[in-house]
Amino acid sequence: MDSPVPLSFTAFLQFADYSLLRSLTVDPEQARHAPNKMPRQVKSGHYVEVLPTPLPDPHYVIHSLSFFRELGLSESAASEASFMQFFTGDPTVAVSAANADIASPHVRASGWASGYALSIYGQEMYHNCPFKNGNGYGDGRAISVLEVLLPNGHRWEFQLKGGGRTPYCRGGDGRAVLRSSIREFLASEAMAAMGVPTSRALCLFVSRSETISRPWYSPGAKTEEPDRMVDEPAAITTRAAPSFLRVGQLELFGRRARKNEHPRALAELEAIFLHALEREYPDIAAELRGTEATLSDKVIAVAREFGARLSRLAAHWIRVGYCQGNFNSDNCAVGGWTLDYGPFGFMEAYNPMFQMWIGGGEHFSFMNQPMAAATNFQMFCMAVTPLLGQDTNAIKALGDIVDTLPKFMNHEMYRMWAEKMGLAEFRMELFAELHALMTETPVDYTIFWRELSSLPKHVAALRPGFYETRGGYAQDSVTMEARWTVWLQKWHAALEQEGREPADVSAAMKRVNPKYIPREWMMVEAYRSATDAGDFSLVQKLHDVLADPYGEQSEAMAALYYKKKEEKFFDLGGTSHCSCSS
């Protein structure tokens, strides 16, 4: 069968299908607050219609060729004037052209932003909302502009990050800077290439005339807090996902229903839950459709699957060395995929408590991510509990799911560690010894696992992944090498007991242990070149490398991007740690 002909952007718009706007309710007060770009309380409704603020004098930076292919878009679509106008905040021209060309009344020239609640590690937050009641939390600079349903049944929502102010901006300017936009683009596409559930990056544009002042770090600064204000180019990244529904959104309506804040509070909670069911769990929705399933049955089915997805997601994050950094309920997607590349980081020198964001704390650190995920899951379950009414059996069933989630998470973590070690079964004693050695040496998390994937029998083969000037190795290399030798012997004995072909084991390990990750110093080089010199070649080069994270690639690429963090990059603000300013 011939492959479908790649589409122009105008033709792509024929698949517009706005299920969120069709099935949920708009803020009933939005008309009197038009154009809805000033901070205010939004007390009811699921979304506010708001047009993006166009990016002045926009300039193309990059687009994701692999994502274009998934969507069926022609690569030349990125060069269409209508494409640039649409994804830099001016959808009216593109929509007019689409309606003229394909006679579609379904394409809209508007955007929408949504409210959500905020919980930080299980604590409901109100005090840092401008109104002290939670009615000001929401998408302050993320504006959705398009939802499509493709012929293959996949649904995508497209959202401009940096698209300007909305009622939820809490005094901010609604913009994003080029630096953070490049980080999000590169990281989200790298995560997709590594097989981690994630939002995608479609394209990135920068303004050649608008700059924004942000606190950031001076080159070489070893402070925790940013030490100066810098003017940076404004930019818009278009990200895409099946939906941008967050735990915080269910939580907002769950709080209102619990407190009976207005007559339609419970109905609004039910509506957004059912929308989440259709958008993020279409298989469950299809299975239950036409049956006698009650609302309670649907809640239990979604909760069970969401818990499983979150467990797998946390295991994926730890597998590739990713730390989300700020895993609050507003940054937790109801679909169980990675959302919001803000204060994230990829670990280099192994530290179980690694945390890129200075405001994150240990509760959001690398090895604590499963617990953070479990806490967000508890908040999700609390949010949907009002839908169960007096159904005591369903309430108990939901409680049982919450109680058993840690066991399921441990199962996923053990399975992941076994795969990284090349074992068919997880062996706690072997892993515990390895974990101690990785921490004390310390090792480069990515290089160590990749070199281990070649099944070395001698420590010398692992030394490219050791930070020899730090930790235990620097203090006593003889003892550390002896301990590593003993562990390698035990590991090889375990592999031999399982009786698998070494070549198969090595190949399987290399499919789960990436060789290339978005190391922060790499992204710093790319965004500094783009910001300071207007040179986007490093952004494209790094994107190309990260598109094949498990491949060996060329010796030239390995020399540039398969190497440890240099000593000069340790403890640098913006490279080893960062604020969330973007």
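UniProt positions here follow the numbering used for this structure, feature names are shortened, and annotations may be inferred rather than shown by experiment. With that in mind, an unreviewed UniProt entry lists Gly138, Gly140, Arg141, Lys161, Asp173, Gly174, Arg239, Arg246 and Asp340 under "binding site".

A quick word on what you're looking at: this is a predicted model, where local features need pLDDT of at least 70, side-chain atom pairs count only at pLDDT 80 or more, and totals for chains, interfaces and linings use all residues. Residues are numbered from 1 along each chain as its sequence is written, and side-chain values use heavy atoms, with hydrogens and water left out.

Let's look at three residues. Buried means under 20% relative accessible area, exposed means over 50%, and partly exposed is in between (1.4 Å probe, protein chains only). Helices (H or I, at least four residues) and strands (E, at least two) are DSSP runs, numbered from the N terminus.

| Residue | Where it sits | Relative accessibility |
|---|---|---|
| Aspartate 173 | loop between S7 (155-161) and S8 (176-177) | 34%, partly exposed |
| Arginine 246 | loop between S10 (228-241) and H7 (247-259) | 3%, buried |
| Leucine 204 | strand S9 (200-216) | 0%, buried |

Who do they touch? Contact means heavy atoms within 4.5 Å. Skipping neighbours within four places in sequence, aspartate 173 is in contact with Gly164, Arg165, Ile212 and Arg214. The side chain of aspartate 173 also reaches the backbone nitrogen of arginine 175 at 2.9 Å.

Arginine 246, again leaving out neighbours within four places, has contacts that include Tyr116, Asp139, Arg239 and Asp330. Arg239 is also on the UniProt "binding site" list.

Leucine 204 counts as buried because its relative accessible area is 0%. Among the residues touching leucine 204, not counting those up to four places away, are Tyr60, Val61, Leu178, Phe185 and Ile236.

Now for a pair of helices. Two packed helices are described by the angle between their axes and the distance between the axes. Axes are lines fitted to C-alpha atoms, for helices over the stretch in contact, and angles run from 0 to 180 degrees between N-to-C directions. Helix H13 (residues 428-440) packs against helix H16 (residues 477-498) at about 150°, with the axes 11 Å apart. So H13 is roughly antiparallel to H16 (under 35 degrees is roughly parallel, over 145 roughly antiparallel, 65 to 115 roughly perpendicular, the rest oblique). Residues making this contact include Leu430, Leu434 and Leu437 of H13, along with Trp484, Trp487 and Trp491 of H16.

Definitions and conventions. Polar contact = N/O pair within 3.5 Å; in protein donor to acceptor, adjacent residues only side chain to side chain.
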